[in-house]
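Visitor: Could you skip the grand tour and give me a close look at just one part, the inside of this thing? I'd like to know what packs there and where space is left over.

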Amino acid sequence: MRTDIQTHRIPIAHGELAIHVQGAATAPVVYMAHSILSSSMMWQAQAELLASTGWRVICADTRGHGQSTSPPGPYSMNQLAGDMVTILDAMGIERAHYLGLSLGAMSGFGLAIHHADRLLSLCLCDGRADMPSALGAPWDERIRLAREQGCVALSVSTPERWFGKPFLDANPAIAQQFNSTVAATQVEGFCGCAQAIQGLDYFSQVSAITSPTTLIVGANDGPLPQAMQSLQGLIPGSVLEVIPNAGHLPNIDQPAAFNAALLRHLERVSTSR
């Protein structure tokens with residue numbers, strides 16, 4: 001059963017953020033933040049699952065992505081984390097469960113460090129808390145390509161990096177959806193977020209996170225399983241879930257296993273309160 005979705009536009013300095021809300025207005029809130037070069041569309045299946053089982057879901061489009069506008073960049077990760085606080089304030093929501101993947105996970109670390117009072121729990125997927133120079137350097141070329149040719153120049157290589165070409169060849173509808181979403185990303189928004197990723201620097205502070213935390217990672221997502229295992233050892237009481245046969249977006253390529261891990265998280269943090 002599909003639940004009704006309402007779109008709201010929240011003003012920020014020099015722009016506005018689009019959010020897509022579904023589920024009962026009195027239900028506990030799960031706030032979802034997506035990866036760079038994607039949009040809230042990547043959470044459609046999870047948003048529907050949660051909204052139909054007793055949660056209120058807010059899917060936010062990051063600056064310059066989806067239906068949100070692009071304030072002038074560069075952005076900082078603290079700014080991206082602060083956008084969630086702005087959205088919660090505008091919606092009259094005191095606290096929420098947070099679900100973030102990739103860029104959404106990175107800003108989620110900042111949210112948990114600087115705005116813990118707004119969180120009920122934290123579920124961070126396929127993200128890291130720092131950006132060593134060797135990992136940050138490839139973003140320079142992606143920024144150059146986007147500025148010269150638009151984000152369409154990244155529309156094939158990005159999904160292939162996330163999923164692998166065999167998965168995309170076997171799932172052409174998913175390939176088309178992500179190709180078009182990457183291509184439609186606004187250049188200023190992408191470049192601003194990419195610069196925020198290059199400046200990511202929360203690792204030394206993650207041990208101060210007090211929110212109930214689950215980390216989820218695709219087993220095939222390059223160095224991230226090891227990085228998230230290290231983070232799990234630093235965040236008090238946190239849980240690590242590794243999704244077999246999954247890449248950078250395990251909610252898309254292994255949705256059943258991802259959804260089960262997400263529901264385990266929400267059950268754990270709801271019963272522990």
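Guide: Here is a walk through the interior, starting with some housekeeping.

This is a predicted model, so local features are taken at pLDDT of at least 70 and side-chain atom pairs at pLDDT 80 or more, while totals for chains, interfaces and linings use all residues. Residues are numbered from 1 along each chain as its sequence is written, and side-chain values use heavy atoms, with hydrogens and water left out.

Let's begin with the packing. The largest nonpolar core has 90 residues, and Tyr31 and Phe190 have the most contacts inside it. Helix 2 (residues 77-91) gives the most to this core, with 8 residues. For the terms, a nonpolar core is a set of buried Ala, Val, Leu, Ile, Met, Phe, Trp, Tyr and Cys residues joined through side-chain atoms within 4.5 Å. Buried means under 20% relative accessible area, exposed over 50% and partly exposed in between, using a 1.4 Å probe and protein chains only. Helices (H or I, at least four residues) and strands (E, at least two) are DSSP runs numbered from the N terminus. In soluble globular proteins, nonpolar side chains tend to be buried together.

Now zoom in on Tyr31. Leaving aside residues up to four places away in sequence, Tyr31 touches Ile58, Ala60, Met84, Ile87, Leu88, Ala96, His97, Tyr98 and Leu99, where a contact means heavy atoms within 4.5 Å.

Two of those partners, Ile58 and Ala60, take us to strand 4 (residues 56-60), where 5 of 5 residues are buried. In a regular strand the side chains alternate between the two faces of the sheet. Here both faces are covered: Arg56, Ile58 and Ala60 are buried on one side, and Val57 and Cys59 on the other.

Strand 4 also has strand partners, counted as pairs if DSSP finds at least two bridges between the strands. Strand 3 (residues 29-33) runs parallel to strand 4, with 5 bridges joining them, and the bridge partner of Met32 in strand 4 is Cys59. Strand 2 runs antiparallel to strand 4 and is joined to strand 4 by 4 bridges, among them the one that pairs Ile19 with Ala60.

So much for what is filled; what about the gap? Rolling a probe the size of a water molecule over the atoms shows where empty space is left. A search of the whole structure turns up 1 cavity of 30 Å³ or more, and the largest cavity has a volume of about 170 Å³. Its lining counts 18 residues, and Tyr31, Ala33, Thr62, Leu80 and Asp83 are the closest to the centre. On a 1 Å grid over the protein atoms alone, a cavity is a set of points where a 1.4 Å probe fits but cannot get out, and lining residues have an atom within 4 Å of a point. Grid points are joined across faces, edges and corners, and the volume is the space filled by probe spheres set on them.

Strand 3, helix 2 and helix 3 (103-114) each supply at least two lining residues, and helix 2 gives the most, with 5. By class, this lining has 11 nonpolar, 4 polar and 3 charged residues. In that tally Ala, Val, Leu, Ile, Met, Phe, Trp, Tyr, Cys and Pro count as nonpolar, Asp, Glu, Lys and Arg as charged, and the others, Gly among them, as polar.

Definitions and conventions
1 Å grid on protein atoms, 1.4 Å probe; cavity = no way out; pocket = protein on both sides within 12 Å on 5 of 7 lines; lining within 4 Å.
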